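Biologist: Could we go through the aromatic contacts of this model together? I should like to cover a pocket afterwards.

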Amino acid sequence: VLGGANHEGNIGAVELASIHEFGSQKRGIPQRSFLRQTMTNRKEEFTSFIESNKQKIMAEIASGNGAVVMEKIGTQWVRYVMETFDAQGPSWAPLADSTIRNRKNFSIAQKKNPKLRGDALMKKARQGTKILQDTGEMKKSISFEVVS
């Protein structure tokens, strides 16, 4: 699930995530998949986990604890996605020099003039060269919910 407020007042987290997941030639944004890349990175590990715990999982479901199983799976996949962010893909295109320069310039300007505020801009400046983490809002919006 992707949630949260609109990104910089223009688009929501889902739209922002879609742009980065698939890229946008029109906007000059490279594809930096964090969902599909996570599946690629973790597919074998997760399949192996399910296979080796099949009896326990089936017993939990049979005893009416399917929601508990899904809760554990959801928690694991959120952790996997966070690790993809932390590893910056791997394989994500690096930030453009102009993006890094803009972040540094704001940070320098803010130090010279502490009245230059703006939470989103402050967070951007602190992120330095972290990819897909201008403010961290998109990453923080990744969660799951088990519903019946």
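Modeller: The discussion below turns to aromatic pairs and then to a pocket.
Modeller: This is a predicted model, in which local features need pLDDT of at least 70, side-chain atom pairs count only at pLDDT 80 or more, and totals for chains, interfaces and linings use all residues. Residues are numbered from 1 along each chain as its sequence is written, and side-chain values use heavy atoms, with hydrogens and water left out.

Biologist: How many aromatic pairs does the structure hold?
Modeller: There are five. Rings of Phe, Tyr and Trp (its six-membered ring) pair if their centres lie within 6.5 Å; planes under 30 degrees apart count as stacked, over 60 as edge-to-face and the rest as tilted. One of the pairs is Phe-34 with Phe-85, which is tilted, at 5.1 Å centre to centre and 40° between the planes.

Biologist: Which parts of the chain does that pair link?
Modeller: Distant ones: Phe-34 is in the loop between helix 1 (13-22) and helix 2 (36-52), whereas Phe-85 is in helix 4 (residues 66-86), 51 residues apart. Helices are DSSP runs (H or I, at least four residues), numbered from the N terminus.

Biologist: And what is the geometry of Trp-77 and Tyr-80?
Modeller: Their pair is edge-to-face, with 4.8 Å between centres and 90° between the planes. Both residues lie in helix 4, three residues apart, about one turn of the helix. Phe-46 and Phe-49 join Trp-77 and Tyr-80 in one aromatic cluster.

Biologist: Why does Trp-77 count as buried?
Modeller: Because its relative accessibility is 18%, and buried means under 20% relative accessible area (1.4 Å probe, protein chains only). Tyr-80 counts as buried because its value is 4%.

Key:
Helix = DSSP H or I, 4+ residues; strand = E, 2+ residues; numbered from the N terminus. Buried < 20%, exposed > 50% of the residue type's maximum accessible area, 1.4 Å probe, protein only.
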